[in-house]
Amino acid sequence: MQDIEDLRRRDTFDVVVIGAGVIGCSIARALSRFSLRVAVLDKADDVAAGASKANSGIVHGGYDETNGTLKARVAHWGNSLFAGLDKDLSFGFRVTGSLVLAFSEEEVPELERLLQNGIKNGVKDLRIIGRDEIIRLEPYINPNVVKALHCPHTGITSPYEYTIALAENAVQNGVEFHLGSEVTDIQRLDPSPKLPKGGFLVRTPLDQHQEYMTRYIINAAGLYSDKIAAMLGAADFSILPRKGEYIILDKSQAKFASRVLFPVPNATRGKGILVSQTFHGNLLLGPTSRDVNEDPRTNNQILGDILGSARMSVPSFDPTKAITSYSGLRAKCSRKDFIIEESPKCPGLVNVAGIDSPGLTSSPAVAELVVTILEAMVTRDFHQKLIINEWFNPVRPPIIFKKGPNYKGQIDHPTTPALNIICRCEAVSEAEIIDAVHRPLGAHSTDAVKKRTRAGMGHCQGTFCEPRVAQLLSRELHIPVAQVQRRGVGSSLLPHKRVTEEDRALLERLSNGEKNVVSRVKL
């Protein structure tokens, strides 16, 4: 593609990807396999700052999405790609399997429907199992269970570590990330010497002095994708945010679910309140699925509903072992399916929108579809194919290293960064934090370090280690400690930023079914 190769020498791009969540970063990495100049823009100061940070981390099996939809196509396909991606990118992925639990004979026909739908979607090894086998697989399950749909291919991952790994590898292979760059305007450009076929001018706030000329735009802006499309008169869809809330329990509770446990889904609650281990061994309860503008429930009522629904599947977990709560918004689409297409209203613009659940699962397949669409556009516009990047390296080393029983780390080790424990809850070393800070994307806040190393994600939620991480960031970035960006307010349903004994007592009362419990404080 000589014309595009010439363009690479100028202050312009072949492709601009708007959005640095899991979808945008998946696309960026996929495009880095080709000889293209690619920029990723996002208004946040780090990748995985929206829905990609606040989700369940479940790699779904692909049986739930209605056969014939785009969701069904990319969910099963995406699931099949995760093991290979983890081998290359070392973000952490584990196949656990899942059970959809029926607690009455009236719910069994829905299991049969899911089974047949999954078979049509190409999912292998699905089967409906009886009570005895369920309890053998999951001994802490509610003994009132009747039957379950077993899918052996469901898995779990860390969604933000996955997104970071994609982004780091994309940067290694030549993609430019421009974070803190909110897109404020896009103009269509007529053909010119720089852009013989025309293109786009992407603008960010005036104080950033940044404009990006590009042949093509990939709109992966998540909750804002309809607004990006509207800048080019191509908003033939709308995004309808739905909120999901979660509770995380400490690692002592992980024994209560070795697989991902779902209730039978319905139209109101979606997949329902799941119970699952996280990749790093906590117990996850959630999410809700609600319209924030129409749901009148208080935070305490929502917490009670999460706990009550989770207890239907697993009665014996201890809610006082909660270490945090969080919420996130999903980009539901007015079309009721994923959108992955060149806009019929604006040639050169690819809308990748409405990517709600199972968006994480689908992300690698979505990226491959976008590559196919871009190849077709390039063939149409330049009568040639994309050129392979001969220097593409698919491998990205891990940040977190496993620490076995012989690991000799200690708090304030005097000489060796790899043995100097900064976060005692998660045994995060100084060496891991330094590595994260100096990676291709870098880490410039305690929250960014937390997403990359887990420093601050343990039982104390950063009470001990956040000041220590800030000191390291000050040293490595050569800035005063006072200028180090700290943990934000967060999105917890609980009264306090970090879980207190008052919060634990509240959760226990709510879990026991007490109504109208009033929290004293909301910070």
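1. In this predicted model, the largest nonpolar core (buried Ala, Val, Leu, Ile, Met, Phe, Trp, Tyr and Cys residues joined through side-chain atoms within 4.5 Å) has 56 residues, of which I27, F177, I340 and V352 touch the most other members. Buried here means under 20% relative accessible area with a 1.4 Å probe, protein chains only. Two or more residues each come from β1 (13–18), α2 (22–31), β2 (38–42), α3 (70–89), α6 (159–172), β12 (211–219), β19 (349–353) and α9 (359–382). Helix α9 gives the largest share, 12 residues.

2. Beyond its neighbours within four places in sequence, V352 is in contact (heavy atoms within 4.5 Å) with I23, I27, I218, N219, A220, I339, I340, V366 and V370. A further core of 32 residues lies apart from the largest one and includes I134, L137, I247 and V275.

3. The chain contains 13 helices and 22 strands, taken as DSSP runs (H or I, at least four residues; E, at least two) and numbered from the N terminus. Its radius of gyration over C-alpha atoms is 23 Å, close to the 24 Å from the globule rule for 523 residues, so the chain is as compact as a globular protein of that length. The rule is 2.2 Å times the number of residues to the power 0.38.

4. Of the 523 residues, 56% count as buried. Among contacts with a separation of 6 or more, 71% join residues 24 or more positions apart.

5. Residues are numbered from 1 along each chain as its sequence is written. Local features need pLDDT of at least 70 and side-chain atom pairs pLDDT 80 or more, while totals for chains, interfaces and linings use all residues, and side-chain values use heavy atoms, without hydrogens or water.

Terms used: Buried < 20%, exposed > 50% of the residue type's maximum accessible area, 1.4 Å probe, protein only.
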